[in-house]
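Here is a walk through some local details of one model, from backbone oddities to charged pairs and a pocket. Have the structure open alongside as you read.

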Amino acid sequence: MTLLLGIDTGGTYTDAVLVDETAPLPGVLAKAKAPTTHHDLAIGIAGAIDAALAQGHDPAEIGLVSVSTTLATNALVEGQGGRICLLLIGFDEKALSRAGLAEAVGQDPVVFAAGGHGPGGTRQAPLDRKVIADAAQAYSDVDGFAIVAHFGTRDPSDEIAARDIVAASGLPVTCGHELAAELGGPKRAVTAVLNARLIPMIAALIEATEGTLASRGIRAPLMMVRGDGALVSASFARARPIETILSGPAASLVGAAHLTGLTDAIVSDIGGTTTDIAVLRVGRPALSPQGATVGGHRTMVGAVDMATHGLGGDSEVRVDETSLKPRIVLGPRRVRPISMLAAQFPDIVHAALDTALAGPAPGPHDARLVSRRAGRSDGGLRDGDRALLSELTEAPRPAADILKTRLRESALTRLVARGLVEIAAFTPTDAAHVTDQQSSGDSEAAHKAARLMARRRDAGGRAVADSAEAVSRMVQDALVRRSAEVILDASLAHDGFEGTNLSATPLAAAALSGHQGAARVSIGLDLPLVGLGASAPLYYPDIARTLGTASEVPDHADVSNAIGAVAGRVHIAVVAHVSQPADGVFRVHLPAETRDCRSAAAARDTALAALREIACARAAEAGSADVELTEDWQATTVPVEGTEMFVEARAEVTASGRPRIVTNTP
C-alpha cells in the first residue's frame, strides 16, 4: 500500500490525514488534529502526524506528503509578517500612492534608485548600483528585500542585477518579475513586498515539516498547495511564499468537491482566524481574474476567487460600547482563546481572571492576557515598542498590568502586527465551552471570562447579559448572523452585483432578520451551502436556515483542507508578451530575457518554444512526474487602411501533471 499524507497547518490547529489513493472515495484511513504551536511549528506538525500514524499505519508506506496552510493568509489578514526593504528602480515617490503600495509597505524602509526601462524594453536610465549597494548595507537588519524595476516585466535585467548585489548580503530577495508577468509596477511591488514579508514564516513551516518527516523515516516528496489549488514542491514554494496565500481555502475547495461529489455549491470554511467563501461551479473553483485580495491588499497572485473575512472560532469578542443596546462585535483580529491558554498556564490565567472578577467594575482589559512569541526578529522597533516587548515573556501577563496608557496600547498593536506578541481573550471557542458544545480546553476559565464579558456595559450603562451562558449564546448568534452576511455578500459579488456590504442594506438586513409585516421580504442562496471546518457542524445548519438553503457538512469536514492537499495536481503557467517598439521589430519579453524577431509569426514561434522549455523545467522543479502542455496565443491587431496592424500579443504555456509519488518497497 502507498499512502498519501495530507497536512494542513492552520492558525489554531494542525491536521493530518492518511489517504489511500486506490481506495473508494474519500479513501481516508486515518485523521488527527494537534494544536498549531506558533513558537515551534514542528511540535504541532509532529503531534498531528504521530496521532494519525498511531491508528495503525507504517510511515514507510507514505509515498507523498502535501501541505496546505492558512499561515500566510492569516498573516496578511492580521497585518503581520517580517520587516522588509522595498527597492524601487526607475520609480519616483508617486508610485507609493498607487495600488495600495504605501499601505502594504507601512513603516518599512523604501529606497529609490535610478534605472528601469520603457514599455518597449528600451532603457530609460542607467542602473544606480551604488544606491543599491548602500541600501543593502544600511538595511542589513531586515528580513528580506523586495525589488521592482520600472517595466521589469519588459526587461528584468535591472531587477536581476540588483538582486545579485543585495544577495551578497545573505538576505532573501524577491524580484517582481519572478512573481508576475503583467504590467502595473505598483501592484507588482505590492505582491513582491508581501512575498518578501512571508518568506521567514513559510521557510519555518517547510523546515519544521521536513525535520519532522526525516525524524520519522518518511522519505516521500514534500509538496505545498498554492492559492489556486495546484501543488508545487516545497523548494518552489520557499522562494514564492506569496503563492501560498489562500492555500488552505483552495485546498478546502478541492477537498469539498472530493468529499461531497457536488459540482455546484457555495463552500464556506470556518477556521480559527478566518472564514473563507467561494463558489464551486462544474466541480471546479473559479480563479480570480484580478488576482487575489487578502487583508485589503490586491496582489497579482493567481488564486481561487475567494472572499476571506477575519471571522472564526478565535475571533476576539468585543462589546460595542457606543450602541444603545447590547451588541457583540467579532474580529477581525484573531486572539488565543482563554480556554486554550488556561490549559497551558492554568495558575496564571485563573489568578488573572479571579482578580478581574473581584474588581468593583468591569475594565477594558478584563479577560485579556499578553505574552511574547519566541523566535521572532525584533529589528527596527521603536524605543517604546522595544521597552514594552522587554517586559514580556512567553508566560502571559494580564493586559491591565501593562497597558496603563494609550501610547502603550498603540505599541501593543504594532507588536501584535509584527507577530512578536500574542493576545489571549474571550472568543467564540470559549463561548462553545460555556454552552457545553466544546471541551478541548479549560471550560472553567471560559466560564470566568464569559462572566467578565457579561458585565461589560453598553452606551446606556446596562450590562451586556445577566449570565455567562447568556453572553455566550449572544456570541454564537452573532457568529451565525455575521457568517450569513459575509456568505450572502460573496454570493452576490459572484453574481455580478456591485458594492460592498450589500447584506447590511435595510432590505437585506430585514430579510435576514426574518422581517414580518405588510410587505414580504426575503433573500437567500440558490445553491446548497457546504460547511467546512471543525466548528462547521455547530454553526452551519443555522447559517443555512438563515439563508434559506440546504446545508451539507460532509464527513471529514474538519480535515477537508488536508484531504484537498493530496488531491490536487501540479499546475505551472508561464507567460510572455510581444511588443513592437519599431517597424519590423517584434520584441519577445520572456521571464528572464528579451529576444527580437522580424515578424509576428517568428515572435510567436520563439515565444511558445521558449515557454515550453521554461514550463517543463518549472513543472519538474515544482515536483511533477509527467507533464502535459497546453498553449495559448492571443494577438491584438487594429485595422489601418484595410490592413491589420500588430499591436501586442500574449503567449502562455501551461504544464500540469500529478506529483511524483514514491513507492517504498521492502
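Ala367 is buried, with a relative accessible area of 8%; buried here means under 20% relative accessible area, exposed means over 50%, and partly exposed is anything in between (1.4 Å probe, protein chains only). Ala367 sits in the loop between helix H11 (346-358) and strand S20 (369-372). Helices (H or I, at least four residues) and strands (E, at least two) are DSSP runs, numbered from the N terminus. Its backbone is worth a look: phi of Ala367 is near 60 degrees, a positive value in a residue other than glycine.

Before going on, a word on ground rules. This is a predicted model, where local features need pLDDT of at least 70 and side-chain atom pairs count only at pLDDT 80 or more, while totals for chains, interfaces and linings use all residues. Residues are numbered from 1 along each chain as its sequence is written, and side-chain values use heavy atoms, with hydrogens and water left out.

**More backbone oddities**

Most residues other than glycine have a negative phi, and most peptide bonds are trans. Glu641 also goes against the phi habit, with a positive value of about 50 degrees although it is not a glycine. Glu641 is in the loop between S28 and S29, and is exposed, with a relative accessible area of 82%. Then there is the peptide bond from Gly331 to Pro332, which is cis, with omega near 0 degrees. Pro332 belongs to strand S18 (residues 328-334).

**The patch on S28 and S29**

The two strands joined by Glu641's loop also share a surface feature. Val638, Val640, Met645 and Val647 make up a nonpolar patch with about 280 Å² of accessible area together, and S28 and S29 each supply at least two of its residues. A patch takes residues with over 30% relative accessible area and no salt bridge; like charges are joined within 9 Å, and nonpolar side chains (Val, Leu, Ile, Met, Phe, Trp, Tyr) within 5 Å. The areas come from the Shrake-Rupley method with a 1.4 Å probe, and for residues only the protein chains shown count as cover. Met645, in strand S29, is partly exposed at 38% relative accessible area.

**Charged pairs**

How many salt bridges does the structure hold? The count is 37, taking a salt bridge as a side-chain nitrogen of Lys or Arg within 4 Å of a carboxyl oxygen of Asp or Glu. Here are three of them, with the N to O distance.

| Pair | N to O distance |
|---|---|
| Asp458 and Arg462 | 3.5 Å |
| Arg482 and Glu485 | 3.0 Å |
| Glu631 and Arg612 | 2.5 Å |

The Glu631 and Arg612 pair links distant parts of the chain: Glu631 is in strand S28 (residues 628-640) and Arg612 in helix H21 (residues 600-621), 19 residues apart. Both ends are partly exposed, Glu631 at 41% relative accessibility and Arg612 at 30%. Sharing of partners also occurs: salt bridges join Asp314, Arg334, Arg336, Arg373 and Glu422 into one network.

Why are Arg482 and Glu485 separated by about one helical turn? Because they are 3 residues apart in helix H17 (residues 468-494). Arg482 is partly exposed at 31% relative accessibility, whereas Glu485 is buried at 15%. In the remaining pair, Asp458 is buried with a relative accessible area of 5%, and Arg462 is partly exposed with 43%.

**The second largest pocket**

About 910 Å³ of space lies in the second largest pocket. Of the 37 residues that line this pocket, the closest to its centre are Leu179, Met300, Gly302, Ala573 and Val575. Pockets are found on a 1 Å grid over the protein atoms alone: a pocket is an open set of points where a 1.4 Å probe fits, with protein on both sides within 12 Å along at least five of seven lines, and lining residues have an atom within 4 Å of a point. Grid points are joined across faces, edges and corners, and the volume is the space filled by probe spheres set on the points.

Helix H6 (176-179), helix H7 (185-215), strand S25 (570-582) and strand S29 (643-657) each supply at least two lining residues. The largest share, 5 residues, comes from S25. By class, the lining has 16 nonpolar, 11 polar and 10 charged residues; Ala, Val, Leu, Ile, Met, Phe, Trp, Tyr, Cys and Pro count as nonpolar, Asp, Glu, Lys and Arg as charged, and the others, Gly among them, as polar.

Strand S25 also holds Val578, which is buried at 2% relative accessible area. Val578 and Arg154 are 424 residues apart in sequence and 9.1 Å apart in space, C-alpha to C-alpha.
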